[in-house]
Amino acid sequence: VLLEDPADIVCVNDPYSNLPALIKIAMFINLYEAQFAFMFVIRRLSLGRLIYILVATPTPGMLEPVLAIIAPILDLVKFANLECSVNSMPFPVTLYSGTKIMGGIYFLVEQFSWFNIVKARRIMINMNPMAGSIDIQIYIDPFKIEVGGFTLLEVRGVTQEDKFTANMAIQEKIALRARQAEEGKRAMKALKKEVKLVPRPPTCAKGAETCKSCARAYNHQRIKIDCGAGGRGYVISNISDAVWGAAGTQPSFDYNPTIGRCEADEVPKGRMARASVRETIRAVGKICLGEEVCEFTPTTTTLGVVGGVNGTLALTVVAECMLEDTFDRVAAEAEAARAARGC
């Protein structure tokens, strides 16, 4: 994680950059469910810079002038960022380090240059056979190859307000709206505390610090994970268990649907065909953690494809509800711990 944003690492006497080159390899293996994912990343590294790293000395000597002549020739083909990954699952896998491995086969190269003739700002290919999807994005600057005044090849590419620039602007606006929504949520929490609204009965029996709520829905139907809206003082703090799989073969699951009164700790699974429980918990948590009430529609786009199942799917969730103040304190402590580790 430190090398992703090397604020305290500086390269000295490096003609390429004061930022270090990065080679990262990430791997995920689940032997129980026969799942794997592999990824490697190369950033700020070219053949010329690699030779500098291997040969150059801290104090410039006789080799540096030779390298200065050879390196530009070796760097006629270069790129700023290269990412390649293979994932046997149709959905992304996020490792504990925060590294995200895309589903299917993924290839990305940015700021690519071929003999200073063909320049691509971004080439991305994502093939996901299990999900039946393919995504290709290519942003190329204009170039022309001529011989004796005759044009052999010309690509007009992207110019002025191009798709790449427009897409970046769209992503910035989406991020801004997300920040504004988060700020609005915090402001509403502060307002409710300030005006001291008359509290409704607590979600958990006798005002306990934690309790559980359970929910179940078929695919393409709304599921509602409820810890009590309207000033009850509880939010979804953890997804204890979540199963996304074949509805017809899931064992019977009887639970109390009243909010905060579910006594189950896990969802019975038996031999039902299902997606990775770990990834299902992660996906639901990403949507719901910190919310009083979480409603969404479970689909294969949201939760991934379940191999060998063509019929009805169902999502079953056991969620933990926690006092909002306790949740905020625990979240702040976790954030402080991550910051102390440099993550």
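Reader: In what sense do strand S13 and S15 pair?
Author: This is a predicted model, where local features need pLDDT of at least 70, side-chain atom pairs count only at pLDDT 80 or more, and totals for chains, interfaces and linings use all residues. Residues are numbered from 1 along each chain as its sequence is written, and side-chain values use heavy atoms, with hydrogens and water left out. Strands (E, at least two residues) and helices (H or I, at least four) are DSSP runs numbered from the N terminus, and two strands pair if DSSP finds at least two bridges between them. S13 (residues 223–226) and S15 have four bridges, and the sense is antiparallel.

Reader: Which residues of S15 point to the buried face?
Author: In a regular strand the side chains alternate between the two faces of the sheet. Strand S15 (residues 293–296) does alternate. Val293 and Glu295 point to one face and are not buried (buried is under 20% relative accessible area, exposed over 50%, partly exposed in between, with a 1.4 Å probe and protein chains only). The buried ones, on the other face, are Cys294 and Phe296.

Reader: Which residue in S15 stands opposite isoleucine 223?
Author: S13 covers residues 223–226 and pairs with S15. Opposite isoleucine 223 stands phenylalanine 296.

Reader: How far apart are the closest N and O atoms of lysine 224 and aspartate 226?
Author: Lysine 224 is partly exposed at 44% relative accessibility. Aspartate 226 counts as buried, because its value is 16%. The two form a salt bridge (a side-chain nitrogen of Lys or Arg within 4 Å of a carboxyl oxygen of Asp or Glu). Their closest N and O atoms are apart by 4.0 Å.

Reader: Which residues are joined into one network by salt bridges that share partners?
Author: Arginine 278 forms a salt bridge with glutamate 279, at 3.1 Å between the closest N and O atoms. Arginine 278 is partly exposed at 27%, while glutamate 279 is buried at 5%. Shared partners make one network of Arg278, Glu279 and Arg282.

Reader: How many salt bridges does the structure hold?
Author: Side chains of opposite charge can pair when their charged atoms come close. One such pair is lysine 144 with glutamate 146, with the closest N and O atoms 3.9 Å apart. Lysine 144 is partly exposed at 44% relative accessibility, and glutamate 146 is partly exposed at 46%. The number of salt bridges in the structure is 10.

Reader: How much accessible area does the nonpolar patch on the surface have together?
Author: Patch residues have over 30% relative accessible area and no salt bridge, with like charges joined within 9 Å and nonpolar side chains (Val, Leu, Ile, Met, Phe, Trp, Tyr) within 5 Å. Strands S1 (22–30), S2 (35–43) and S9 (133–140) each supply at least two residues. Met127 is also among the members; methionine 127 lies in strand S8 (residues 118–128) and is partly exposed at 34%. By the Shrake-Rupley method with a 1.4 Å probe, the patch has about 1,200 Å².

Reader: Over what arc do the buried residues of H6 lie?
Author: Helix H6 (residues 324–340) has 17 residues, which should span 24 Å (1.5 Å times one less than the number of residues), and its end C-alpha atoms are 24 Å apart, which agrees. The buried residues are Glu324, Thr326 and Phe327. They sit on the same side of H6, because the directions from the axis to their C-beta atoms cover an arc of only 155°.

Reader: Which residues are exposed on the other side of H2?
Author: An α-helix has 3.6 residues a turn, so residues three or four places apart point the same way. In H2 (residues 63–74), the buried residues are Glu64, Leu67 and Ala71. They lie on the same side of H2, because their arc is only 45°. Exposed on the other side are Ile69 and Ile73.

Reader: How far apart in space are asparagine 87 and glycine 104?
Author: Asparagine 87 lies in strand S4 (residues 81–87). Asparagine 87 is buried, at 5% relative accessibility. Asparagine 87 and glycine 104 are 17 residues apart in sequence, but C-alpha to C-alpha the distance is 4.8 Å.

Reader: What is the phi of lysine 206, which is not a glycine?
Author: Lysine 206 lies in the loop between helix H3 (163–195) and strand S12 (210–218). Lysine 206 is exposed, with a relative accessible area of 90%. Its phi is positive, at about 60°.
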